[in-house]
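Welcome to a short tour of one protein chain. Please have the sequence and the 3D view open side by side as you read.

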Amino acid sequence: MRARATVFSALFTVVGLLGACGGSSGGSDITGHSRLIDELAEQVDNAGDRAYTAEYLLGGEGEIATIARQATPEQVAFLFPDGRYVVTADYEMWCTPAEETECVVHPASEPTLSPPGGVLEELGGEQFLSAQTVIGWLTEAGASSSANITSKTRTIAGEHATCITVAGAETARVTDFEACVTDAGLLGSFTGSVDGQPRSVVLKSVSATVEPELFEIPEDVVVIDERPSPST
């Protein structure tokens, strides 16, 4: 079998910087950009204290990814078009294909909301982006003296969100994009081109409830347990 690598803010509208909702800040206001991005990053960090289940539309083609997170105990589950990736205190698990006929269980790793590329590629989640990844791109854009950054508010999946549009961030990896973040610190949407490839992620629904079985090893599947045997 193939080897698998073990892995795995709302932007407050600052009236003093942007004016009314929908205002903008030009590329020369580096300090203003940094303050705004710091607020956004703090809100995203605070989302780590919450439990939620979020569904995202990927790539504009109707494919759905579901992300479920529990804060206590900390664990996370990703349901992508071609399988499931789960990290708990007891194991890291890959289930493929989409109907989960085989699950490989590895030793536990630290839960993350930014799965590595190997997970996304194997499980059909290449379009997925975490809020943490987008924050990194915003930070790079905010440090670019050529960037023009504007903001507006909108509603996504029933959630109030702030949307940031970045244009002409010449020194950043992602130079032109729009990202929206909900008041709860979740990614609301992302539209742009990353490394020459179009990327699109849109929040479809979000709930404060989490189904415990999402983190469990499914029944009636082939389980390959690669965790070390307990010493005797």
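## Starting at a buried cysteine

Let's begin with Cys-180. Its relative accessibility is 0%, so Cys-180 counts as buried, the cut-off being under 20%. Please keep in mind that what you are looking at is a predicted model.

Cys-180 has a bonding partner: together with Cys-163 it makes a disulfide, with 2.0 Å between the two sulfur atoms. Cys-163 lies in strand E9 (residues 159–167) and Cys-180 in strand E10 (residues 177–182), so this pair ties together parts that are 17 residues apart in sequence. The torsion about their S-S bond is about 110°, so the disulfide is right-handed. Cys-163 has a relative accessibility of 1%, and therefore it counts as buried too.

## The other disulfide

How many disulfides does a search of the whole structure find? The search finds 2. Besides the link you have just met, Cys-95 and Cys-103 form a disulfide, and their sulfur atoms are 2.0 Å apart. The link of Cys-95 and Cys-103 is right-handed, with 110° about the S-S bond. Both Cys-95 and Cys-103 are buried.

If you number the bonded cysteines of the chain in sequence order, the pairing reads 1-2, 3-4.

## Strand E5 and its neighbours

Now turn to strand E5, which spans residues 83–87. Is this strand largely enclosed or open to the outside? Of its 5 residues, 5 are buried, so E5 is largely enclosed by the rest of the structure. You can check this face by face: Gly-83, Tyr-85 and Val-87 are buried on one side, while Arg-84 and Val-86 are buried on the other. Both faces of E5 are thus covered.

Two strands pair with E5 in the lines of the backbone you can trace here. Strand E4 (residues 75–80) runs antiparallel to E5 and is joined to it by 5 bridges. One residue pair to look for is Ala-77 with its bridge partner in E5, Val-86. E4 and E5 make a hairpin, with 2 residues between them.

Strand E6 (residues 92–96) also pairs with E5 in the antiparallel sense, over 4 bridges. Here Tyr-85 has Trp-94 of E6 as its bridge partner. E5 and E6 form a hairpin as well, with 4 residues between them.

## A nonpolar patch on the surface

Which residues form a nonpolar patch on the surface? They are Leu-57, Ile-64 and Val-202, which together have about 180 Å² of accessible area. Leu-57 belongs to strand E2 (residues 52–58). Its relative accessibility is 31%, so Leu-57 counts as partly exposed.

## The chain as a whole

Stepping back, the chain contains 4 helices and 13 strands. It has 232 residues, and 47% of them count as buried. The chain exposes about 10900 Å², and carbon and sulfur atoms supply 48% of that area.

To pull the threads together, you have seen a strand, E5, that is largely enclosed and that forms a hairpin with E4 and another with E6. You have also seen two right-handed disulfides, one between Cys-95 and Cys-103 and one between Cys-163 and Cys-180. On the surface, Leu-57, Ile-64 and Val-202 make up a nonpolar patch.

Notes
Residues numbered from 1 in each chain as written. Predicted model: local features only at pLDDT ≥ 70, side-chain atom pairs only at ≥ 80, totals over all residues. Heavy atoms only, no water. Buried < 20%, exposed > 50% of the residue type's maximum accessible area, 1.4 Å probe, protein only. Pairing = 2+ DSSP bridges. Patch = residues over 30% accessible without salt bridge, like charges linked within 9 Å, V, L, I, M, F, W, Y side chains within 5 Å. Areas by Shrake-Rupley, 256 points an atom, 1.4 Å probe, with all protein chains shown as cover. Salt bridge = Lys/Arg side-chain N within 4 Å of Asp/Glu carboxyl O. Disulfide = S-S within 2.5 Å.
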